[in-house]
Number of protein chains: 2
Amino acid sequence: MIKIAIDAMGGDFAPKEQIEGAMWAVREIPDIELTLYGDKALIMPFLTDDTRITIVQSDGVIEMGEKDPIRAIRSNRKSSMAMSLSSVRNGDNDAIVSSGATQALIAGAHILVGRMKSMKRTAIAPVLPTVNHEPMILLDCGANLEIKPEFMLQQATFATVYAKEILGIKNPQVGLINIGTEPGKGRVLDQEVGALFEKDPHINFYGNVEPKQVLEPPCHILISDGFTANIVMKTIEGTAKGMGKILKEEMAKGILGKLGLILSIKNLKRFKNRMSPEVIGGAMIYGLQGVVIKAQGSSKALGFYHAIKQAAYVVRQDVVNKVAHIIESEGE
Amino acid sequence: MIKIAIDAMGGDFAPKEQIEGAMWAVREIPDIELTLYGDKALIMPFLTDDTRITIVQSDGVIEMGEKDPIRAIRSNRKSSMAMSLSSVRNGDNDAIVSSGATQALIAGAHILVGRMKSMKRTAIAPVLPTVNHEPMILLDCGANLEIKPEFMLQQATFATVYAKEILGIKNPQVGLINIGTEPGKGRVLDQEVGALFEKDPHINFYGNVEPKQVLEPPCHILISDGFTANIVMKTIEGTAKGMGKILKEEMAKGILGKLGLILSIKNLKRFKNRMSPEVIGGAMIYGLQGVVIKAQGSSKALGFYHAIKQAAYVVRQDVVNKVAHIIESEGE
């Protein structure tokens, strides 16, 4: 059995959607057992089926807008997030899924789960939808704002293993996010990273990729420092949201237009779903001594279910040990 | 009369669209005179009306994918881009508009037009469409990849004058692109810029803005270093393009859907136009001893016409001198 800790209290719609997602996961995935960390009194009304689900009482929640995430974790060891993270460290669980505040989860994972010895920096790596239906890994979406090329190489190595083992891509290519495609473009960091990636045997380096291609990438993994990739992710989100609004506004104009809109509702809904993160699951935090999956803060049951499924998959494929093996061999 | 130099040979659809845009501008704007720099033999077939338009023969074109822009400019002084830039320096023209290669235009502007003495770094600043129909200035879109906070302050000051004089915004607010909204977020650079902007009397600092809001910004100017803002611009472009493809794919599904699509064609076209850069005009290069407007490389006549209109406006409002006045007073 794969044992997964669920932070039942983190997220915009917690605990309802988290609990529904958990029950959904148990129904669909036969080899998992879940432990919900949270407030029993708030959980019980939604837990209509406790098959392979245990509740552990927690005390307190890490707020979404937490300004000092390290202190928040340190001073709330009994919070649902802290307890579920600790349960991975002490071996009670193999993985943890949380929709809680990203920075607090990253900080908490460092303090309570611990970093892989061989990997010098963590990374947060969501999987994004693309035009051609192939998933794409974007990293680092905010764990390390400023970083050295050799640490980015470790992150790219992790993403490569993840893409192979979890996404089933045979020979995943890594692209470096840059302002031009020619080698040598970009900041000093980008130039150094390009040169380093070029000669590394464990990754398949595609070269520089401009974010003009961000939804139709020529590779499976897009990497940059934690500031830039986070900016890319948030710009995609902002553009998608803004364009959705403009589309809605323009489509409703005129009588023929209104009729067209009604006839197109089903197709438009499918369009919206294709851009939605719900079917993608969560973002894995790379570089920890355990499996930590960050589900979207706005996760509904479907999104949370997918994040649990992803956690189970990562445990089953033994991704963390496979990465450790490669990175340790590199260090030799 | 406002005299504007036109680089007739730069751009994906040059010289045809550039010439049509030029004739359009002369028809609409009574106080301009244009000089087209280019190959007479290629220009003449498209120039059906030469009212207030002169041609100056050039020799050679700076290619769009030019890898060494500085050398390209230095070794092609008779190219349409170099000649039109030089014409501003020697006083033959008040402004220049080009759809040519961005990096070559920036390099050429430095070499042939020259930097404003008081402004330490240039910036390239397009005006983008937003959901609420208000224009937004994004900078620096690629002139200086790595930059100091005090130079970004000069750029923000320039953008503020531009927003007031050209966009007619009374008290334009400046937002700093960042990964979180709280003060102190981001890299060391962002923290220093935030602190500096906060206390400057010449700009109205809004604070940090996450690009989740990039099409619905809470301010009129969004600023970051030349790498980050360029990444934001290209991510908007990539997301819009990708979403457009997904929309097209999904809308055409099913018989009712196809009918809905036909009825919605007009509205969808308007949707597409609202996201198009054609109506916005060009990006001004801030910080030069003259007015240099970069029109999109893919400009058609409409887009190029708007870029010429913008150039005339910037000359008429005397933006460069107004900025110089403020920045020089700051230096005291």
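This is a short walk through a predicted model, from the domains of one chain to the contact between two chains.

Let us begin inside chain A. The domain assignment splits chain A into two parts: domain 1 is made of residues 1–119 together with 287–332, while domain 2 covers residues 129–276. If you place a point at the C-alpha centre of domain 1 of chain A and another at that of domain 2 of chain A, the two points are 25 Å apart.

Where do the two domains of chain A meet? On one side, 13 residues of domain 1 of chain A take part, and they are in contact with 10 residues of domain 2 of chain A. To find the domain 1 side in the structure, look for α5 (102–113), α10 (301–316) and α11 (319–331) of chain A, the elements that each give two or more residues to it. Of these, α11(A) provides the largest share, with 6 residues. By type, the residues on this side of domain 1 of chain A comprise 8 nonpolar, 3 polar and 2 charged.

Now step back to see both chains. In the contact between them, chain A contributes 51 residues and chain B contributes 51 residues. On the chain B side, the places to look are α8 (226–251) and α9 (255–274), each of which supplies at least two residues that belong to the side touching chain A. Here α8(B) gives the largest share, 19 residues. The side of chain B that touches chain A is a mixture of 22 nonpolar, 14 polar and 15 charged residues.

Methods
Residues numbered from 1 in each chain as written. Chains lettered and ligands numbered in written order. Predicted model: local features only at pLDDT ≥ 70, side-chain atom pairs only at ≥ 80, totals over all residues. Domains from an automatic or database assignment. Contact = placed C-beta atoms within 7 Å. Helix = DSSP H or I, 4+ residues; strand = E, 2+ residues; numbered from the N terminus. Nonpolar A, V, L, I, M, F, W, Y, C, P; charged D, E, K, R; others polar.
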